[in-house]
Amino acid sequence: MKIDSSIPSSLSLPKTQPKKAAGSPAGVPANAANVGDTSGVRSAEPATAPFDSKRVAEIRQAIADGRLQIDADKIAGRLLDGVQELLAKNRPAA
């Protein structure tokens, strides 16, 4: 399939940054100032596992070689475990 680059790109994203709302912290767009109360929202906790660059290189090579096997059941199980753990932490004590 040939791509015709002679068609003008009217679908490009605007190159301007959103305007900062008066009284909002630096870097917060004006439209984000009225999102409501976020006092009950917790920020994501940083990962505590160390970064293993050797393991990352091994995984990248396995992907490149087509040897990487994905176990969807294992991924889904760990995802559900994590969600259950978060829900248990956020439950009020009875």
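How many residues apart are Lys-89 and Glu-85 in helix H2? Keep that one in mind for a second, and while you do, remember that what we're looking at is a predicted model.

Okay, the answer: they're 4 residues apart, both in helix H2, and that's about one turn of the helix. Their side chains meet in a salt bridge, 3.6 Å from N to O. As for cover, Lys-89 is partly exposed, with a relative accessible area of 44%, and Glu-85 is partly exposed too, at 47%.

So how many salt bridges turn up if you search the whole structure? There are 3. Let me walk you through the other ones.

Go to helix H1, residues 53-65. Arg-55 pairs up with Glu-58 there, and the closest N and O atoms are 3.4 Å apart. Those two sit 3 residues apart in H1, so again we're talking about one helical turn or thereabouts between them. Arg-55 comes out as partly exposed at 46% relative accessibility, and Glu-58 is partly exposed as well, at 39%.

Then there's Arg-67, which forms a salt bridge with Asp-65, with the closest N and O atoms 3.4 Å apart. Here Arg-67 counts as exposed, at 51%, because the cut-off for exposed is over 50%. Its partner Asp-65 has a relative accessible area of 43%, which makes it partly exposed.

While we're at H1, let me stay on that helix a bit. H1 has 13 residues and reaches 18 Å from its first C-alpha to its last, close to the 18 Å you'd expect at 1.5 Å a residue. What caps its N-terminal end? That's Asp-52: one of its side-chain oxygens lies 3.2 Å from the backbone nitrogen of Lys-54. And at the other side, just after H1, you'll find Gly-66 with a positive phi of about 75 degrees.

Last stop, the greasy bit. Which residues make the nonpolar surface patch? It's Ile-59, Ile-63, Leu-68, Ile-70 and Ile-75, and together they give about 470 Å². Take Ile-75 as one of them: it's in helix H2, which covers residues 72-90. Is Ile-75 buried or exposed? Exposed, with a relative accessible area of 52%.

So, to pull it together: we've got 3 salt bridges in the whole structure, an H1 helix capped by Asp-52, and a nonpolar patch of about 470 Å² on the surface. That's it from me, thanks.

Note on methods:
Residues are numbered from 1 along each chain as its sequence is written. This is a predicted model: local features need pLDDT of at least 70, side-chain atom pairs count only at pLDDT 80 or more; totals for chains, interfaces and linings use all residues. Side-chain values use heavy atoms; hydrogens and water are left out. Patches are made of residues with over 30% relative accessible area and no salt bridge: like charges are joined within 9 Å, nonpolar side chains (Val, Leu, Ile, Met, Phe, Trp, Tyr) within 5 Å. Accessible areas come from the Shrake-Rupley method with a 1.4 Å probe; for residues, only the protein chains shown count as cover. A salt bridge is a side-chain nitrogen of Lys or Arg within 4 Å of a carboxyl oxygen of Asp or Glu. Buried means under 20% relative accessible area, exposed over 50%, partly exposed in between (1.4 Å probe, protein chains only). The expected span of a helix is 1.5 Å times one less than its number of residues. A polar contact is a pair of N or O atoms within 3.5 Å; within protein, one must be able to donate a hydrogen and the other to accept it, and residues adjacent in sequence count only if both atoms are side-chain atoms.
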